[in-house]
Amino acid sequence: MLRILLCCGGGFSSSAIVVRMQNEIKDRGLEDQYSIDFYPLEVAGLNYAKEKFVDYDVIICCPHLKMVVRRMMESDVEYDKPIYILPPKMYGMMKLDEIIADCEDVVEMYNKDHKNPVCFPGEENIMKVKRGVAYRHQ
């Protein structure tokens with residue numbers, strides 16, 4: 001089971017996106033393989049993030065949280081889950097299969113080097129990434 005947590009700013013649009021993706025998981029009979037929830041990182045605050053992350057295998061963040069993720073990495077808190085910032089076009093489309101593919105790859109990459117945030121080769125500046133599909137599908 002791959003447990004995904006989508007972190008957003010306030011949860012307004014992402015909560016609706018996550019509900020749509022949860023319904024797709026259910027409709028396709030994938031509940032034993034995948035789950036996805038959301039967490040309003042900026043509203044709830046960084047102080048509770050590590051506690052929330054415990055229940056998930058991968059943390060994906062909306063692109064506008066780039067600076068928040070940077071602050072997380074500069075803090076004294078050590079995060080032991082892969083943290084991945086979604087490319088802007090992927091966040092805009094939020095296609096379940098593409099998100100799952102990237103999340104699976106992010107977990108694999110993190111397990112090799114335990115470096116956060118996880119980014120694919122050549123995608124260090126997420127705001128310049130133009131792909132709208134999973135890295136492996138481009």
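Here is a short walk through a predicted model, from a central strand to some unusual backbone spots.

Let's begin with strand β1, residues 2-8. Six of its seven residues are buried, so the strand is largely enclosed by the rest of the structure. Its partners are worth finding on screen. With strand β2 (residues 34-40), β1 pairs in the parallel sense over seven bridges, and with strand β3 (residues 58-61) the pairing is again parallel, over four bridges. I4 is a handy landmark here: I4 stands opposite I36 in β2 and opposite V58 in β3. While you look along a strand, remember that in a regular strand the side chains alternate between the two faces of the sheet.

Now move to helix α6, residues 96-113, where you will find E98. E98 is buried yet has no salt bridge. The nearest side chain of opposite charge belongs to K95, 6.3 Å away, whereas a salt bridge would call for a distance within 4 Å. Leaving aside residues up to four places away in sequence, E98 touches M90, V133, A134 and H137.

The backbone on either side of α6 deserves a look too. Most residues other than glycine have a negative phi, and most peptide bonds are trans. M94, in the loop between α5 (88-93) and α6, has a positive phi near 45°. H114, in the segment after α6, also has a positive phi, about 50°. Are these two residues buried or exposed? M94 is buried, at 0% relative accessible area, while H114 counts as exposed, at 51%. Finally, P117 also sits in the segment after α6, and the peptide bond from N116 to P117 is cis, with omega near -10°.

Definitions and conventions: Residues numbered from 1 in each chain as written. Predicted model: local features only at pLDDT ≥ 70, side-chain atom pairs only at ≥ 80, totals over all residues. Heavy atoms only, no water. Buried < 20%, exposed > 50% of the residue type's maximum accessible area, 1.4 Å probe, protein only. Helix = DSSP H or I, 4+ residues; strand = E, 2+ residues; numbered from the N terminus. Pairing = 2+ DSSP bridges. Lys, Arg positive; Asp, Glu negative; His and termini not counted. Contact = heavy atoms within 4.5 Å.
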